[in-house]
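Please find below my notes on this model, set out as numbered points. They go from a hairpin to the sheets, and then to the helices that pack on one of them.

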Amino acid sequence: MTTLVDVRVVLFTGKGGVGKTTLSAATAAHLARSGRKTLVVSTDPAHSLGDALDTPLDGDPRELPQAGGLFAAHIDTRVLLDGAWGALQGHLRTLLAGIGVDEIVADELTVLPGVEDLLALAEVRRLAESGPWEVVVVDCGPTAETLRLLALPEALAGYLERLFPAHRRAVRGMLAGLTGRGAAESAARLDRTVDALDGLAEQLSGLAALLVDPARSSVRLVTTPERVVVAETRRTQTALALQGIRVDGLVVNRVLPAPSTSLRGPAARWLRERHTEQQAVLDELTASAAGDDVVLRTLGYAAAEPTGVAALHTLADALYGEDDPVPAPAAARPPLAVRRTAGEGTALDSEFELALHLPGADEGRLDLARVGDDLVVTVGLARRPVTLPSVLRRCEVVSARLDGAREAATLRVLFRPDPAVWMR
């Protein structure tokens, strides 16, 4: 069995209908054919992965007999809700009942929005740890669902930390004060609740660490050469960069070939217009990918929908050729960097610049807000609190600007020491 450190996790996502399920299945089949044990797993509620592989799937990974070394599964969150999360809910309901919360109200308070997404991601991590595979390919839901999925571990970890601080003794003391001291039964319930919360916090921390580690995981975006679809793809790339999640590739699917010059008639005119429009979009994407070190691949529009392992192999050959679909990760650009731009030592005239790489950020609304030790960055519909390095926590934001072209946009925030707290 391999460890999670040894496993590469590649998550495919894109706007609904662009072909991400087919491409994730084809990539997994190609990897298995090259000799790497591979698991392809679906977190998409549509669960069309089994259709692409032409194999019925459930929550238990099964090896496809027609493709040795290829395993597949789909995650059913309804089963997970009744399992580990049901046990934690029970502990939390006990806690709330102990402080006098009505049973019906307690049930409502323990329903966590987005828990299905969290459980799906946790199951991906569990499967990655529990099998012999070298690569885990994840067929995620459409981009909006995927962004929510990938943002959950960090967001919920912060929420949990605020509600129940990490220091176990402090938590137990607080809860004991609420439920009455000296009762052995209450103490036992509190222990179980705290243990469950500790387990959840550890799981969230592990998920967040996995997602932002470029050596272990990355996202591959699937799009089609249409301006509306590409605009969503760019917004997705910006949101992922804001979360510190690496995008390692962009696949442009359903590219039309250039029609023969001998073709005539309305159909020929339509094909030429569509081909010209697609090529203009591809030219823009090529420039963007080059500026952001993202591998861009294109795939022609197939006459028939590829289903089954043999058809997926043909598709993967057209997409990857002799290239490795999951090469060793190159050195990733740090998503956040801080440098001194003026002054020395503890001088009050010092200046510091925080640089945050945000490809595509000029396409959406950009807002900054200082909340305690965090700088909350909002780009379009994506928002993330960025925990500031210690030196910047004692500084004030002076200005902010976006540098670079859209494909390599960088947010630069200038800080100067706050005289009230600088020397503390």
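1. Strands β11 and β12 form a hairpin with 2 residues between them, and Gly 372 in the turn has a positive phi of about 60 degrees. The two strands, residues 366–371 and 374–379, run antiparallel and are joined by 6 bridges, with Asp 367 standing opposite Thr 378 of β12. Helices (H or I, at least four residues) and strands (E, at least two) are DSSP runs, numbered from the N terminus, and two strands pair if DSSP finds at least two bridges between them.

2. On the basis of the model, please note that it is predicted: local features need pLDDT of at least 70 and side-chain atom pairs count only at pLDDT 80 or more, whereas totals for chains, interfaces and linings use all residues. Residues are numbered from 1 along each chain as its sequence is written, and side-chain values use heavy atoms, with hydrogens and water left out.

3. An open sheet of 4 strands has the order β9-β10-β15-β14, with antiparallel pairing. Its edges are β9 (336–342) and β14 (395–403), each of which has a single partner strand, so one side of each is left without a neighbour in the sheet. From one strand to the next the twist averages 25 degrees, an angle taken, like the others here, between N-to-C directions on a scale from 0 to 180 degrees, with axes fitted as lines to C-alpha atoms (for helices, over the stretch in contact). Between β9 and β10 there are 6 bridges in the antiparallel sense, and Ala 342 stands opposite Glu 351 in β10.

4. Phe 352 belongs to strand β10, residues 351–357. Phe 352 counts as buried because its relative accessibility is 6%, where buried means under 20% relative accessible area, exposed over 50%, and partly exposed in between (1.4 Å probe, protein chains only). Leaving aside residues up to four places away in sequence, Phe 352 touches ten residues' worth of surroundings that include Arg 339, Val 391, Leu 414 and Trp 422; contact means heavy atoms within 4.5 Å. Thr 341 is also among the residues touched, and although it lies 11 residues away along the chain, its C-alpha atom is separated from that of Phe 352 by 5.4 Å.5. The other open sheet has 8 strands in the order β3-β4-β2-β5-β1-β6-β7-β8, with mixed pairing. The edge strands β3 (62–63) and β8 (295–300) each pair on one side only. Strand β4 (residues 70–74) pairs with β3 in the antiparallel sense over 2 bridges, and Arg 62 has Ala 72 of β4 as its bridge partner. Helix α1 packs on this sheet, touching strands that include β1 (8–14), β2 (38–42) and β5 (135–142), and the direction of α1 makes about 175 degrees with that of β5.

6. Helix α1 is mostly covered, with 13 of its 14 residues buried. At 1.5 Å a residue, α1 should span 20 Å, and its end C-alpha atoms are indeed 20 Å apart; the expected span is 1.5 Å times one less than the number of residues. After α1 comes Gly 35, with a positive phi near 105 degrees.

7. Helix α12 (residues 309–320) and helix α1 (residues 20–33) have axes that come within 8 Å and cross at roughly 90 degrees. The two helices are therefore roughly perpendicular to each other, a term that covers 65 to 115 degrees, while angles under 35 count as roughly parallel, over 145 as roughly antiparallel and the rest as oblique. Residues making the contact include Leu 23, Ala 26 and His 30 of α1 and Leu 312, Leu 315 and Tyr 320 of α12. Helix α12 also lies across β1, β6, β7 and β8, at about 130 degrees to β8.
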